[in-house]
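Let's take a walk through a protein model and see what a few of its helices and loops are up to. Keep the picture open while you read.

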Amino acid sequence: MEKNEIKQHWENVFATKQETEVSWFQQYPKTSVAFLELFNLPLDANIIDVGGGDSHFIDALLEKGYHNIYLLDISANAIERAKKRLGEKAKHVTFIVSDITDFKPQVKFDFWHDRAAFHFLTDEEKIYKYVSIAEEAIHKNGYLILGTFSDEGPKKCSGLEIKQYTETSMSARFEIAFERIKCIREDHTTPFNTTQNFLFCSFQKK
Ligand SMILES: C[S@@+](CC[C@H](N)C(=O)[O-])C[C@H]1O[C@@H](n2cnc3c(N)ncnc32)[C@H](O)[C@@H]1O
């Protein structure tokens, strides 16, 4: 798929579907928050949610008192929805509409979170770009948390092909610049009562 077709796909999703009409919806992102809590980050940590869409992870960060938060998504519609939901609290969030593979970070991050965005990169060149951008953008000793469909999960997400990962294949992508901390598998129950097996891994920048 061409870049503009991908963007159009996501703009359309966020223009036509309610949050509970998409398979990835979570009222509370408990696994992502559990990873965050492992690392005791100071409240002024720079935290980015990559491909965050209108996920409630940002709300959970704000509730905990984090205030240097970045939300990046390819879809301007998704970002608008997140802004609207957050209201006044949106002032603590820097919103970035960008394809992750074109992202030119202006700051370095202490915590990089991505649930179900990285797995849409299916060609080598884009995967390589993502990994290089993350390597460059994360502080030494900073953390990277990635959630993707596992090899027991679906082969598509939002109707698009995805790349499934195992602990080994994900580590192989990141272990040049990062130290793996831990990986878990998790069954996500969609709003349609189906199950999707996810792999979440955490890494620390060397
Ligand atoms: C399956 S949704 C997951 C959303 C959110 N992370 C969550 O857990 O609810 C995938 C998200 O990644 C975004 N996305 C897809 N490809 C992207 C890309 N190349 N660059 C940036 N964002 C992208 C989509 O717009 C969408 O918000």
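Before we start naming helices, here's how they get their names: helices are DSSP runs (H or I) of at least four residues, numbered from the N terminus. One more thing to keep in mind is that this is a predicted model.

**Helix α4 and its buried side**

Let's begin with isoleucine 79, which sits in helix α4. Is isoleucine 79 buried or exposed? Its relative accessible area is 3%, and buried means under 20%, so isoleucine 79 counts as buried. Leaving out residues up to four places away in sequence, isoleucine 79 touches Leu71, Leu72, Asp73, Phe95, Ile96 and Val97. Phenylalanine 149 is another story: it is 70 residues from isoleucine 79 along the chain, and the C-alpha atoms of the two are separated by 23 Å.

Isoleucine 79 has company. In α4, which spans residues 76-86, Ala78, Ile79, Ala82 and Leu86 are buried. These four cover an arc of only 100° around the axis, so they end up on the same side of α4. A bit of background helps here: an α-helix has 3.6 residues a turn, so residues three or four places apart point the same way. And what covers the buried residues of α4? The cover includes α1 (3-16), α3, β2 (68-73) and β3 (93-97).

**Helix α6, with two sides**

Helix α6 (residues 167-174) can be read in a similar way. Its buried residues are Met170, Ser171 and Phe174. Because they cover an arc of only 100° around the axis, they lie on the same side of α6. Flip to the other side of α6 and you'll find Thr168 and Ala172, which are exposed. Among the elements covering the buried residues of α6 are α5, β5 (138-149), β8 (178-189) and β9 (195-205).

**Two helices that cross**

Now look at α2 (residues 30-38) and α3 (residues 57-64). Their axes come within 10 Å and cross at roughly 40°. That angle is why α2 is called oblique to α3. The crossing of α2 and α3 is right-handed. Which residues make the contact? From α2 come Ser32, Val33, Leu36 and Glu37, while α3 brings Phe57, Ala60, Leu61 and Lys64. Sorted by class, the contact of α2 with α3 has five nonpolar, two charged and one polar.

**Some loop residues worth a look**

Finally, let's visit the loops. Alanine 116 and serine 158 both deserve a second glance: alanine 116 has a positive phi although it is not a glycine, and the same goes for serine 158. Here they are side by side.

| Residue | Phi | Loop | Relative accessibility |
|---|---|---|---|
| Alanine 116 | about 65° | between β4 (109-115) and α5 (124-137) | 12%, buried |
| Serine 158 | about 55° | between β6 (156-157) and β7 (160-161) | 22%, partly exposed |

One last stop is serine 23, found in the loop between α1 and α2. With a relative accessibility of 13%, serine 23 counts as buried. What does serine 23 touch, not counting residues up to four places away in sequence? The partners of serine 23 are His188, Thr190, Pro191, Phe192 and Gln196.

Conventions:
Residues are numbered from 1 along each chain as its sequence is written. This is a predicted model: local features need pLDDT of at least 70, side-chain atom pairs count only at pLDDT 80 or more; totals for chains, interfaces and linings use all residues. Side-chain values use heavy atoms; hydrogens and water are left out. Axes are lines fitted to C-alpha atoms, for helices over the stretch in contact, and angles run from 0 to 180 degrees between N-to-C directions. Angles under 35 degrees count as roughly parallel, over 145 as roughly antiparallel, 65 to 115 as roughly perpendicular and the rest as oblique. A crossing is left-handed if the near helix is turned anticlockwise from the far one by less than a right angle, and right-handed if clockwise. Contact means heavy atoms within 4.5 Å. Ala, Val, Leu, Ile, Met, Phe, Trp, Tyr, Cys and Pro count as nonpolar, Asp, Glu, Lys and Arg as charged, and the others, Gly among them, as polar. Buried means under 20% relative accessible area, exposed over 50%, partly exposed in between (1.4 Å probe, protein chains only). The arc is that of the directions from the helix axis to the C-beta atoms.
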